[in-house]
Amino acid sequence: MQPRLRVQRDPTREPVSVAGPPAGAAADLLTNPLVAPLAGDLVAGLMRRHEVAAERLIGWLRVGIGACVFVTVIVASDLLHELAGVSLGIFQRNAWIAALGFVGVGLVSIALAVPQRWRHAYAYLFMALDVGLVLAITVLALGERDLPGNALPSAPIVWAIPLVLAVGALRYDVKVQLGAVALLTLGLIAIAVGLEHQLVLDPASAGRPAWTQLFSMPVNVMRLTLILLAGAATAFGIVRSRRLLASAVRDAVGRASLSRFLPAEIAPRLAAGDAALRRGRRQRAVIAFVDIRDSTGMAEGMDPEGLSRFFTAFRTRILACVRRHHGFVDKFIGDGALILFGVPDEGGDDAARALAFAQDLVGIVEAWNETRELPRAVKIGIGIHVGEVFCGIVGDEERMEFTVLGDAVNVASRLEQATKRYGAVVLASEAAVAGSSDPAAWREVGREPLAGRKQAITIFAPVAPPGDG
């Protein structure tokens with residue numbers, strides 16, 4: 001494996017700002033301008049997928065409304081006739097029309113509300129049928145009694161209007177809902193005008209009682225205004241719900257985008273608004289480099305498919321081992337991995353967990369070799385160091401990456417490379433061993449500056465080597 005120095009930067013040679021994310025939206029995928037159109041498309045697609053289910057539900061509600069009209073009006077009318085000998089006559093007939101109308105429209109909409117048959121235009125059709133049914137029965141209720149337009153609110157079916165609007169809101173289609181409000185408003189005004197609505201019903205004329213003033217023009221205008229406000233409220237509720245859904249989808253898309261580019265341990269923190277991670281920060285961390293030795297030689301004897309399966313199996317074992325010791329893989333680099341402990345939150349046992357991870361991984365690889373699944377035994381090298389790093393998000397809005405930069409990263413990489421010269425599987429710096437739960441389990445094997453460095457460091461290896469060098 002080639003040295004990883006080329007993928008790391010030394011903050012002692014460059015300004016720390018090079019590690020910071022770009023300003024503005026590029027620093028936060030949740031505000032990425034590419035996310036908003038995608039979220040909009042997802043919301044539209046979600047609405048299309050659920051449009052059929054919503055219309056089917058509305059169809060069943062129509063059937064329920066028709067059944068309720070039958071029970072509350074027709075059955076009650078029969079009881080009234082039996083108890084008091086009074087017949088509601090035309091009123092009962094109109095109730096039959098309403099009940100059968102809602103049930104009929106509901107059954108037809110249920111039959112059409114299947115993906116193979118449904119068309120978006122049907123939503124407008126059934127909305128118009130609901131509104132038309134209400135208006136038609138209103139005309140029958142008033143016209144057959146020779147009542148003026150002022151009596152419009154006295155028709156019981158008029159009070160089904162809020163119910164029709166509420167049920168229609170289940171579509172979450174503001175255009176259809178506003179269409180229903182407009183049709184109802186124009187229809188009610190047309191009925192009132194057609195039946196010669198008077199400005200005021202004077203109780204002094206034709207022996208009318210005083211309560212008829214309740215059906216004068218100002219009062220009826222107020223009633224119409226309330227109906228309009230109810231329709232506007234349902235339309236606003238639809239808009240509000242769609243915005244909340246779009247916001248939730250946008251957040252989900254942003255989090256998913258973060259999860260694509262960032263480690264699972266970092267993405268939730270960034271999505272929750274951890275400004276320090278976005279800007280980048282200095283902190284102490286434990287860095288472990290893992291590398292497969294002679295991966296080129298191993299690849300030479302494998303076909304591409306077999307090589308892919310090998311690397312997948314190797315990475316799966318690393319991930320499982322890292323999670324067991326509560327670290328995380330910052331990135332896989334070719335046939336190796338950069339693993340962090342104590343990031344983003346430092347702990348007192350970070351070094352101990354990193355050293356335990358190294359010993360555990362060696363055992364896992366040895367057990368893997370014993371299965372003889374591979375044509376050649378897998379040999380690895382692990383380097384561990386503790387030091388100050390600069391960690392944060394780098395990249396632009398199309399590709400973001402969490403990374404750690406600094407001399408400590410370079411030292412861990414050099415220690416991993418030095419395992420070949422020292423004939424060891426695991427090498428750790430003095431700073432790393434100082435945090436071990438059992439320092440006596442490590443022995444000093446050398447002191448040198450390592451390649452490319454001037455300052456010497458003390459190098460340790462396990463007292464009982466966990467694997468063959």
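In this predicted model, strands β1 (residues 281-292) and β3 run antiparallel and are joined by six bridges. If you would like a point to find by eye, look for Ala288, whose bridge partner in β3 is Ile339. On β3 there is also a pairing with strand β2 (residues 328-333), again in the antiparallel sense, over five bridges. Here Phe328 has Leu340 as its bridge partner in β3. Between β2 and β3 there are two residues, and the two strands form a hairpin. Gly334 sits in that turn and has a positive phi of about 60 degrees.

Is β3 mostly covered or mostly open? Strand β3 (residues 336-341) is mostly covered, with six of its six residues buried. Gly336, Leu338 and Leu340 point one way from the strand, while Ala337, Ile339 and Phe341 point the other way, and all are buried. Ile339 and Leu340, named above as bridge partners, therefore point opposite ways from β3 and are both buried under the 20% limit of relative accessible area.

**Aromatic rings**

Next, the aromatic side chains. The structure holds seven aromatic pairs. One of them joins Trp118 and Tyr122: the ring centres are 5.4 Å apart and the planes meet at 80 degrees, so this pair is edge-to-face. Trp118 counts as buried because its relative accessibility is 8%, whereas Tyr122, with a relative accessible area of 25%, is partly exposed.

Phe310 and Trp368 make a stacked pair, with 5.6 Å from centre to centre and 15 degrees between the planes. This pair links distant parts of the chain: Phe310 belongs to helix α10 (residues 304-324) and Trp368 to helix α11 (residues 350-370), 58 residues apart. Phe310 counts as buried at 3% relative accessibility, and Trp368 is buried too, with a relative accessible area of 4%.

The two pairs are set out here for easy reference.

| Aromatic pair | Centre to centre | Angle between planes | Arrangement |
|---|---|---|---|
| Trp118 and Tyr122 | 5.4 Å | 80 degrees | edge-to-face |
| Phe310 and Trp368 | 5.6 Å | 15 degrees | stacked |

Which residues form one aromatic cluster with Phe310 and Trp368? Phe311 and Phe314 do, giving a cluster of Phe310, Phe311, Phe314 and Trp368.

Trp368 has a charged partner as well: the charged end of Arg317 sits over its ring, 4.1 Å from the ring centre. Elsewhere, Arg223 lies over the face of Phe215, at 5.3 Å from the centre of that ring.

**Cavities**

Finally, the spaces inside. A search of the whole structure finds two cavities of 30 Å³ or more. The largest cavity has a volume of about 110 Å³ and is lined by 13 residues. Ile58, Asp130, Val164, Val167 and Gly168 are the lining residues that lie nearest its centre.

Which helix gives the most to this lining? Helix α4 does, with four residues. Helices α1 (35-84), α3 (121-143), α4 (161-168) and α5 (174-194) each supply at least two residues of the lining of the largest cavity.

By residue type, the lining of the largest cavity divides into eight nonpolar, two polar and three charged residues. Among the residues nearest the centre, Ile58, Val164 and Val167 count as nonpolar, Asp130 as charged and Gly168 as polar.

Terms used: Residues are numbered from 1 along each chain as its sequence is written. This is a predicted model: local features need pLDDT of at least 70, side-chain atom pairs count only at pLDDT 80 or more; totals for chains, interfaces and linings use all residues. Side-chain values use heavy atoms; hydrogens and water are left out. Rings of Phe, Tyr and Trp (its six-membered ring) pair if their centres lie within 6.5 Å; planes under 30 degrees apart count as stacked, over 60 as edge-to-face and the rest as tilted. Buried means under 20% relative accessible area, exposed over 50%, partly exposed in between (1.4 Å probe, protein chains only). A charge sits over a ring if NZ of Lys or CZ of Arg is within 6 Å of the ring centre and within 35 degrees of the ring normal. On a 1 Å grid over the protein atoms alone, a cavity is a set of points where a 1.4 Å probe fits but cannot get out, and a pocket is an open set with protein on both sides within 12 Å along at least five of seven lines; lining residues have an atom within 4 Å of a point. Grid points are joined across faces, edges and corners, and a volume is the space filled by probe spheres set on the points. Two strands pair if DSSP finds at least two bridges between them.
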